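Welcome! Please take a moment with the sequence and the structure below, and then let us walk through the fold together.

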Amino acid sequence: MCRHLAYLGAPRSVSHALTDGTHSLFEQSWAPTDMRCDAVMNADGWGVAWWPQASSAHAAAGPDAYRDEHPIWSDPAVRHTLTHVRATAIVAAVRSATVGMPISAQACAPFTDDGWAFSHNGVIAGWPQTLARLAPDVPVTEWMRTSAPTDSATLWTYVRHELAAGADPATLLSRVVTELCAQAPGSRLNLLLSDGDSVLATTCGHSLSVRHDADGVLIASEPTDGDPRWQPIDDHHLVVATSARVEITAL
Ligand code: GLN
């Protein structure tokens with residue numbers, strides 16, 4: 001399944017966040033080491049969202065985003081354009097499409113809207129019916145029309161809908177994971193959600209690790225290097241992080 005990553009902290013180039021480390025997200029696209037499913041690589045596109053470093057005259061807005069349906073290793077933007085883009089918050093993902101789901105840029109996380117970026121590493125068993133049971137008021141057909149026809153994109157449509165209605169992000173992600181686990185056993189629900197100031201991450205069926213240091217916080221499906229400060233997150237947990245603080249609670 002996909003690999004994803006979030007960074008909050010001192011300004012750095014988007015490219016650096018993708019390629020830094022002996023086991024960067026870039027490398028995890030073709031040589032992941034902890035997939036916990038049948039997939040062996042993440043070659044079905046990729047995406048990144050970032051909150052730009054604020055200039056002196058303008059407050060940082062965002063996120064901006066870039067997504068492509070080709071493997072990240074074949075994309076010159078990584079080694080060229082994105083080296084010139086600096087950000088204080090970054091969410092990125094490399095995708096291994098679930099069997100039966102389309103390969104398209106639109107289907108690649110992170111999905112963005114209204115200041116949020118969202119990524120899903122995993123699968124929703126019995127999608128779309130099981131997801132529709134979580135949100136009976138939102139017709140499946142509307143989800144399919146407004147987003148890519150994948151479990152992750154329709155889950156984002158629902159999460160986005162709830163955030164717009166004023167849901168607390170941590171409560172929302174906890175509820176989504178808990179209820180989907182009950183209604184769709186066998187689902188894998190490693191989620192990432194950021195507004196550029198904080199990152200929320202869940203573990204449900206896939207690997208996740210966190211590294212917190214003076215420069216900020218990095219949350220990734222697999223540690224991007226051999227630094228002993230990487231902390232593996234147990235399954236069925238929620239991570240809530242800012243650049244200054246990381247809290248980990250059981251779901
Ligand atoms: N099910 C999602 C998709 O097909 C996520 C896949 C994954 O995590 N590998 O896009």
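In this predicted model, let us begin with an open sheet of 7 strands, which follow the order S3-S2-S4-S1-S10-S9-S11 and pair in antiparallel fashion. At its edges you will find strand S3 (64-68) and strand S11 (231-232), each of which pairs on one side only. Strands of a sheet are held in pairs by backbone hydrogen bonds, and the pairing may be parallel or antiparallel. For a closer look at one pair, follow strand S1 (residues 3-13) and strand S4 (residues 86-94): these run antiparallel and are joined by 8 bridges. Arg3 is a good place to start, as it stands opposite Val94 in S4.

Now move on to another open sheet, formed by 6 strands in the order S5-S6-S7-S8-S12-S13, again with antiparallel pairing. Strand S5 (111-113) and strand S13 (246-250) stand at its edges with a single partner strand each, so one side of each has no neighbour in the sheet. On average, neighbouring strands of this sheet are turned by 15° against each other, direction ignored. Within the sheet, S6 and S7 run antiparallel and are joined by 7 bridges. Here Val123 has Arg188 in S7 as its bridge partner.

Two helices lie across strands of this part of the model. H5 lies across S5, S6 and S7, and runs at about 140° to S6. H6 lies across S6, S7, S8 and strand S12 (237-241), running at about 165° to S7.

Let us stay with H6 for a while. What span should the 15 residues of helix H6 (residues 169-183) have at 1.5 Å a residue? The expected value is 21 Å, and the end C-alpha atoms of H6 are 21 Å apart, which agrees.

Which residues of H6 are buried? They are Pro169, Leu172, Leu173, Val176, Val177 and Leu180. These residues cover an arc of only 125° around the axis, which means that they sit on the same side of H6. The spacing makes sense in light of a general rule: an α-helix has 3.6 residues a turn, so residues three or four places apart point the same way.

What covers the buried residues of H6? The cover includes strand S6 (116-123), strand S7 (188-194) and strand S8 (199-203), along with helix H3 (129-134) and helix H5 (151-164). On the face of H6 turned away from its buried side, you can find the exposed residues Thr171 and Ala182.

Note on methods. Residues numbered from 1 in each chain as written. Predicted model: local features only at pLDDT ≥ 70, side-chain atom pairs only at ≥ 80, totals over all residues. Heavy atoms only, no water. Helix = DSSP H or I, 4+ residues; strand = E, 2+ residues; numbered from the N terminus. Expected span 1.5 Å × (residues − 1). Buried < 20%, exposed > 50% of the residue type's maximum accessible area, 1.4 Å probe, protein only. Arc of directions from axis to C-beta. Contact = heavy atoms within 4.5 Å. Pairing = 2+ DSSP bridges. Axes fitted to C-alpha atoms, helices over the stretch in contact; angles between N-to-C directions.
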